[in-house]
Amino acid sequence: MDRQRLSSIAHTHHPIAAPIFGVNVNRLLRRADRRPNARILDLGCGEAAWALQALAHYPDGHADGVDTSPYALERAAAAAAVRGLADRLTLHERDARSYVPDGDHDLVMCVGSTHAFGGFTETLELAGRHVNPDGVLLVGEGYWQAPPTTAALAGLDAKPEDFTDLAGLVDSAERAGWTPIFAHLSTGAEWDDYEWSWVGSLTEWALDNPGHPDAAGALAAAREHREQWLRGYRDVLGFATLVLRRG
């Protein structure tokens, strides 16, 4: 099964695609609120859950969503139609790095997709090029909430230097010229909901489609991910979503 398709199935019950409850997404968007007719850009948007929710905060705004997954963008378009927002959301199937910046967006978001730019620091630089001088950059990134164990590193296929601690994450933002004005730190309950939703969606799909040629592979992928999380990075990897303005 192709990885984009697998990820799309896994996020069926968690379209936000980050360990954050919807109520906290709304809190973050209220903190990022700048003007009613905002131009919004969601880089690595997935199913555009963040962009659609942002449009609820900006009644005259328009959002662009950028992602490489056609499956996720199909779901995004369907969700926009259901919510009556199709005319205010434009979707682009392309690599976020190739989306040409014009420096005139009021709110730019990259939550859980910093890998698309090569990491947190690169995201601040490249995604930041899209933000107007008075705009907001909303970035979600992992951090070590406890010293990484061998099991955590193996489960994440990571090296200790791939993430920093929370203070280091804030330092990186400030070195890049961004000042945090708010942050949400995902709770254990948010992480558990996210991981169980990811694993459960994939498992249910496999169990509901036993004759599908990808069913066994999906079931194995779900089991492997569950083991990597439960026996590896649970309570070790944290997730912070930072609301940033130029310092």
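Aromatic pairs were searched for across the whole structure, and 4 were found. The model is predicted. A pair of aromatic rings is described by the distance of the centres and the angle of the planes.

One of the pairs joins Trp144 and Phe163. Their ring centres lie 5.3 Å apart, and the planes meet at 80°. This geometry is edge-to-face. The two residues come from distant parts of the chain, 19 residues apart. Trp144 belongs to strand β5, which covers residues 131-144. Phe163 sits in the loop between α6 (150-156) and α7 (166-175). The partners also have their own accessibility values. Trp144 has a relative accessible area of 7% and is buried. Phe163 reaches 22% relative accessibility, so Phe163 counts as partly exposed, because buried means under 20%.

A pair between Trp196 and Trp229 is likewise edge-to-face. The centre-to-centre distance is 5.3 Å, with 85° between the planes. Trp196 lies in helix α8 (residues 188-208), and Trp229 lies in helix α9 (residues 215-233). The pair therefore ties together parts that are 33 residues apart in sequence. Trp229 is buried, with a relative accessible area of 1%. Trp196 is partly exposed, at 47%; the value falls short of exposed because that class requires over 50%.

Aromatic residues also group beyond single pairs. Trp191, Tyr194 and Tyr233 form one aromatic cluster.

Methods:
Residues are numbered from 1 along each chain as its sequence is written. This is a predicted model: local features need pLDDT of at least 70, side-chain atom pairs count only at pLDDT 80 or more; totals for chains, interfaces and linings use all residues. Side-chain values use heavy atoms; hydrogens and water are left out. Rings of Phe, Tyr and Trp (its six-membered ring) pair if their centres lie within 6.5 Å; planes under 30 degrees apart count as stacked, over 60 as edge-to-face and the rest as tilted. Helices (H or I, at least four residues) and strands (E, at least two) are DSSP runs, numbered from the N terminus. Buried means under 20% relative accessible area, exposed over 50%, partly exposed in between (1.4 Å probe, protein chains only).
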